[in-house]
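This report sets out computed features of one structure for a reader working in computational chemistry. The sequence and the coordinates are shown first.

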Amino acid sequence: MKLLAIESSCDETGIAIVDISESTTDTLSIDVLAHALNSQASIHAQYGGVFPTVAKREHAKNAVPLLISALSDAKLLAEVTERPPQALVGELMHMLEREQELFVHVAMFAATYGKPDIDAIAVTYGPGLEPALWVGVNFAKALAKLWSVPLIPINHMEGHIYAALIHGSTSQYTFEKPKLPLLSLLVSGAHSELVLSESVGQYKILGSTRDDAAGECFDKCARLLGLPYPGGPHISRLAAEARRKQLPREFVLPRPMIHDTSLDCSFSGLKTALLRITEKQTALSDEQKEQLSLEVEDAIVEVLVKKTLLALERTGAKTCVVSGGVSANTHLAAELSRTLEEQFPDVSLCISPRNLSTDNALMIACAAAPYALKEQFAPPDTIQAQGNLSLQRT
Ligand code: KG4
Ligand code: ZN
């Protein structure tokens with residue numbers, strides 16, 4: 001079954017095409033036919049964060065070119081046999097009335113290319129930036145109408161979980177049902193959540209951030225240190241330098257809520273504490289930036305590791321997933337791996353591969369695969385972008 005997936009929740013436009021099949025009842029095989037991604041990070045860098053209306057505009061501009069490139073990679077770009085009827089073009093115009101530029105691209109696409117060999121379309125409908133999400137949702141609805149195929153709405157965070165559960169190379173992955181219960185540490189620019197799954201597809205949020213997300217904290221701290229957006233990778237690079245040089249610990253930042261018995265976390269105090277330090281310095285030397293980056297990374301990682309261990313102890317989870325943009329942090333991965341080996345040797349740790357840790361459409365396709373094979377589709381009219389969509393489904 002061929003599935004096309006669309007991701008547009010933040011500042012990456014992603015389109016993936018996969019061919020899925022059930023190998024055994026607990027194993028899915030996922031052949032990647034195309035995995036196209038357009039990052040807007042350099043555009044948003046000037047604003048120091050993602051600017052929602054710019055994200056919407058960029059998604060609308062890039063969606064069709066990315067679709068053509070993905071279909072071409074998958075060798076599914078079909079010649080048009082007959083032009084779409086005027087009534088259908090009118091419907092597409094109505095569906096995309098808020099995305100005029102996207103409508104023009106879709107109409108040109110429909111006049112140039114025919115229906116590809118695609119069986120269903122999966123789309124991220126939340127959580128994320130609502131204007132950005134709507135572009136993907138409306139684009140998916142328009143393509144579903146044009147090609148007469150069903151739709152599967154996918155929660156972006158479920159996509160992140162699947163990104164850590166699949167195994168394979170860039171062109172072929174398998175998804176094996178994990179040992180349950182499954183605990184997921186989801187850490188991205190907008191989320192820091194510990195989620196328990198007693199069965200596949202069922203989620204209970206055990207704890208989350210009370211203010212800033214872990215990635216947001218990395219980004220805000222990076223900004224205070226004069227580092228570009230997104231700041232996580234830059235902090236991580238400077239922290240690694242500080243470790244390599246064994247720089248003395250000049251600065252101390254708090255580890256918020258580390259001794260609190262709840263599974264919630266809070267990162268805004270960390271940024272404020274860093275602000276107090278930077279305000280006192282006239283200019284930070286390169287060495288001081290490395291020392292502060294080390295302290296920021298250590299503080300965030302220590303809190304995340306502590307809360308994860310606490311959640312493992314309380315839930316008896318047998319699998320631990322770490323996913324979302326911050327899971328690309330090598331220090332977090334190393335610390336979790338080391339502490340789990342020491343304290344929970346029977347728990348399997350699944351960290352999303354680096355190329356799938358940040359937002360992409362392949363993870364959306366993987367999360368959609370079980371629904372697609374069970375033909376669990378949603379009527380287009382019921383699908384709405386939901387910026388605050390929660391994973392909780394008990
Ligand atoms: O999942 P993602 O691509 O987008 C959201 O859904 O938010 O996550 C982006 C976040 C950014 O805050 C970025 O700074 C952070 O992931 N990030 C990292 C690293 N790579 C990306 N944080 C720490 N260390 C990294 N290596
Ligand atoms: Zn994400």
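Helices (H or I, at least four residues) and strands (E, at least two) are DSSP runs, numbered from the N terminus.

## Basis of the report

This is a predicted model, in which local features need pLDDT of at least 70 and side-chain atom pairs count only at pLDDT 80 or more, while totals for chains, interfaces and linings use all residues. Residues are numbered from 1 along each chain as its sequence is written, chains are lettered from A and ligands numbered from 1 in the order in which they are written, and side-chain values use heavy atoms, with hydrogens and water left out.

## The zinc site

The zinc ion (ligand 2) has three protein donors, namely His156 (NE2), His160 (NE2) and Asp359 (OD), which lie 2.1 Å from it. Donors are N, O and S atoms within 2.8 Å of the metal (3.2 Å for Na, K and Ca); water is not among the atoms, so sites may look incomplete. The spacing of the donor residues in sequence is H-x3-H-x198-D. Because histidine 156 belongs to helix α6 and aspartate 359 to the loop between α12 (354–357) and α13 (362–373), this pair ties together parts that are 203 residues apart in sequence. Histidine 156 and aspartate 359 are both buried, where buried means under 20% relative accessible area, exposed over 50%, and partly exposed in between (1.4 Å probe, protein chains only).

## Glutamate 158 in helix α6

Helix α6 (residues 156–165) also contains glutamate 158. Glutamate 158 counts as buried because its relative accessibility is 2%. Its side chain is joined to that of tyrosine 203 by a polar contact of 2.6 Å, and a further polar contact, at 3.1 Å, links the side chains of glutamate 158 and tyrosine 371. A polar contact is a pair of N or O atoms within 3.5 Å; within protein, one must be able to donate a hydrogen and the other to accept it, and residues adjacent in sequence count only if both atoms are side-chain atoms.

## Helix α13 and the residue after it

Tyrosine 371 is one of the buried residues of α13, a list that also includes Leu362, Cys366 and Pro370. The helix is mostly covered, with 11 of its 12 residues buried. Its end C-alpha atoms are 16 Å apart, which agrees with the 16 Å that 12 residues should span at 1.5 Å a residue. The expected span is 1.5 Å times one less than the number of residues in the helix.

Glutamate 375 lies in the segment after α13. Its phi is positive, near 55 degrees, in a residue other than glycine. Glutamate 375 is exposed because its relative accessible area is 59%.

## Pockets

The largest pocket has a volume of about 1200 Å³. Of its 46 lining residues, the closest to the centre are Ser188, Gly189, Ala190, Asp219 and Tyr229. The elements that give two or more residues to this lining are α6, α7 (214–224), α8 (232–245) and α12, and the largest share, six residues, comes from α7. A pocket, on a 1 Å grid over the protein atoms alone, is an open set of points where a 1.4 Å probe fits, with protein on both sides within 12 Å along at least five of seven lines; lining residues have an atom within 4 Å of a point. Grid points are joined across faces, edges and corners, and a volume is the space filled by probe spheres set on the points.

The second largest pocket has a volume of about 420 Å³. It is lined by 20 residues, of which His94, Met95, Trp134, Asn138 and Lys141 are the closest to its centre. Two or more lining residues come from each of α3 (86–95) and α5 (130–147), and α5 gives the most, with six.

## Backbone geometry in loops

Most residues other than glycine have a negative phi, and most peptide bonds are trans. Leucine 180 and proline 181 are joined by a cis peptide bond with omega about -5 degrees; proline 181 is in the loop between β7 (172–176) and β8 (182–187). Another cis peptide bond, with omega about -10 degrees, joins tyrosine 229 and proline 230, and proline 230 is placed in the loop between α7 and α8.

Serine 148, in the loop between α5 and β5 (151–155), has a positive phi of about 55 degrees although it is not a glycine. With 64% relative accessibility, serine 148 counts as exposed.
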